[in-house]
Amino acid sequence: MTETSKPVLLSGIQPSGHLCIGNYVGALKNWVTLQSSHKSIFLVVDLHALTVKQVPSELRNRCLSFLAQYIACGIDPEQSLMVIQSHVSQHAELSWVLSSLTYMGELNRMTQFKEKSTRHNENINAALFSYPILMAADILLYQADLVPVGADQKQHLELARDIAQRFNHNYSETFTVPQPYIPKQGARIMSLQDPASKMSKSDKNLNNLISILDPPDVIRKKIKRAVTDSGKEIIYQPEDKPGLANLLVLFSVLTNKKIQNIVADYQGKMYSHLKEDLGEIAVEVLAPIQDEYSKIIKDKKYLNGILKNGAEQASYIARKTMSKVYRKVGLVPYPR
Ligand code: TRP
């Protein structure tokens with residue numbers, strides 16, 4: 001490894017649903033900014049996706065599609081590693097060891113488990129429960145310093161830190177204790193039809209989200225139909241007018257304009273003006289990404305090369321960590 005001086009950055013997205021403009025603004029865009037100052041690893045966490053029922057052929061295609069979308073959004077394969085989680089078997093191995101250091105009580109407190117087990121109450125499986133341990137393994141395996149995540153993942157990251165500290169304390173200094181990187185409030189895009197909840201790539205109602213790959217007309221239509229609030233005036237009031245506030249936030253992050261300036265520009269105009277303009281802006285931002293995507297997704301050889309390089313380099317780091325871990329917990333080294 002050459003660039004040992006740069007801090008290690010690691011993040012991942014679960015390949016379920018459709019990557020959406022919320023992922024772009026809240027995650028991918030930040031990854032692109034951070035990648036040059038870090039040794040970055042971006043995962044497609046396919047093992048995590050198995051916690052909910054998947055159609056196997058769709059899952060396989062979606063993993064490649066997500067990878068191509070990472071690249072189309074600006075992740076540079078020359079600078080950053082892109083890895084499909086299951087290609088590095090040590091994720092699952094480390095997860096097992098870490099599960100012996102994680103208490104049931106800790107997992108029971110995870111709000112995302114509570115929320116997901118309500119949503120998927122027909123399939124509350126053990127992997128859904130131990131999901132945060134696998135996530136801790138993802139992070140600790142590569143000795144990550146910085147982990148960009150949405151606010152909803154903060155609790156999982158705290159658990160990863162606790163597990164790392166516990167291991168270091170029980171055995172000896174082994175893991176870097178990771179720092180969360182949580183983007184500012186403004187980067188949190190909410191559902192278009194239900195601005196009280198986060199825009200989710202796995203939402204069954206596709207009108208709630210703008211997919212990175214939605215065609216221009218679909219994008220315009222979804223924004224036009226987004227719920228806004230009673231009243232006419234264009235003002236930023238997240239409490240009283242959450243729908244409008246969400247559109248203003250999206251407008252602001254896509255144009256890098258301050259919300260107060262946008263509000264000033266739309267004085268005396270109607271919601272429909274704002275929506276029409278925002279539709280065009282979203283189309284414009286996504287067009288080059290979609291262009292790039294359509295080229296990349298056809299080039300299986302190129303994608304394969306990136307995955308192979310990612311898997312090889314990641315495996316190298318992962319093997320080093322795992323052999324340390326197995327030795328420290330008292331397992332017999334592989335005979336040579
Ligand atoms: N649990 C994360 C999410 O749902 C995805 C994830 C898995 C992740 N492993 C990770 C994020 C490691 C950051 C680092 O958003």
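A polar contact is a pair of N or O atoms within 3.5 Å. This definition is applied below to the ligand site of the structure, which is a predicted model.

The secondary structure of the chain consists of 13 helices and five strands. The radius of gyration is 21 Å, close to the 20 Å that the globule rule gives for 336 residues, so the chain is as compact as a globular protein of that length. The C-alpha trace extends over about 75 × 45 × 40 Å along its principal axes.

The ligand is surrounded by Leu10, Ser11, Gly12, Val45, His48, Tyr131, Met135, Asp138, Ile139, Val147, Val149 and Gln153. Sorted by class, this shell holds seven nonpolar, four polar and one charged residues. Two elements, β1 (8-13) and α7, each contribute at least two residues to the shell. The largest share, four residues, is supplied by α7.

Side chains of the shell approach nitrogen atoms of the ligand at three residues, described here in order of sequence. For Tyr131, a polar side-chain atom is placed 2.8 Å from a nitrogen atom of the ligand. The corresponding distance for a polar side-chain atom of Asp138 is 2.7 Å, again to a ligand nitrogen atom. For Gln153, a polar side-chain atom lies 2.9 Å from a nitrogen atom of the ligand. On its own the ligand has 370 Å² of accessible area, and the protein covers 88% of this area.

The interior of the model was also examined for enclosed space. A search of the whole structure yields one cavity of 30 Å³ or more. The volume of the largest cavity is about 40 Å³. Its lining is formed by Gln112, Phe113, Lys116, Leu128, Tyr131, Pro132 and His156. Two or more of these lining residues come from each of the elements α6 (111-119) and α7 (126-141). By class, the lining comprises four nonpolar, two polar and one charged residues.

The ligand shell and the cavity lining can be read together through Tyr131. This residue is listed among the residues around the ligand and also among those that line the largest cavity. At the level of elements, α7 gives at least two residues to the shell and two or more to the cavity lining.

Conventions:
Residues are numbered from 1 along each chain as its sequence is written. This is a predicted model: local features need pLDDT of at least 70, side-chain atom pairs count only at pLDDT 80 or more; totals for chains, interfaces and linings use all residues. Side-chain values use heavy atoms; hydrogens and water are left out. On a 1 Å grid over the protein atoms alone, a cavity is a set of points where a 1.4 Å probe fits but cannot get out, and a pocket is an open set with protein on both sides within 12 Å along at least five of seven lines; lining residues have an atom within 4 Å of a point. Grid points are joined across faces, edges and corners, and a volume is the space filled by probe spheres set on the points. Ala, Val, Leu, Ile, Met, Phe, Trp, Tyr, Cys and Pro count as nonpolar, Asp, Glu, Lys and Arg as charged, and the others, Gly among them, as polar. A residue is near a molecule or strand if one of its heavy atoms lies within 4 Å of it. A polar contact is a pair of N or O atoms within 3.5 Å; within protein, one must be able to donate a hydrogen and the other to accept it, and residues adjacent in sequence count only if both atoms are side-chain atoms. Accessible areas come from the Shrake-Rupley method with a 1.4 Å probe; for residues, only the protein chains shown count as cover. The radius of gyration is taken over C-alpha atoms; the globule rule is 2.2 Å times the number of residues to the power 0.38.
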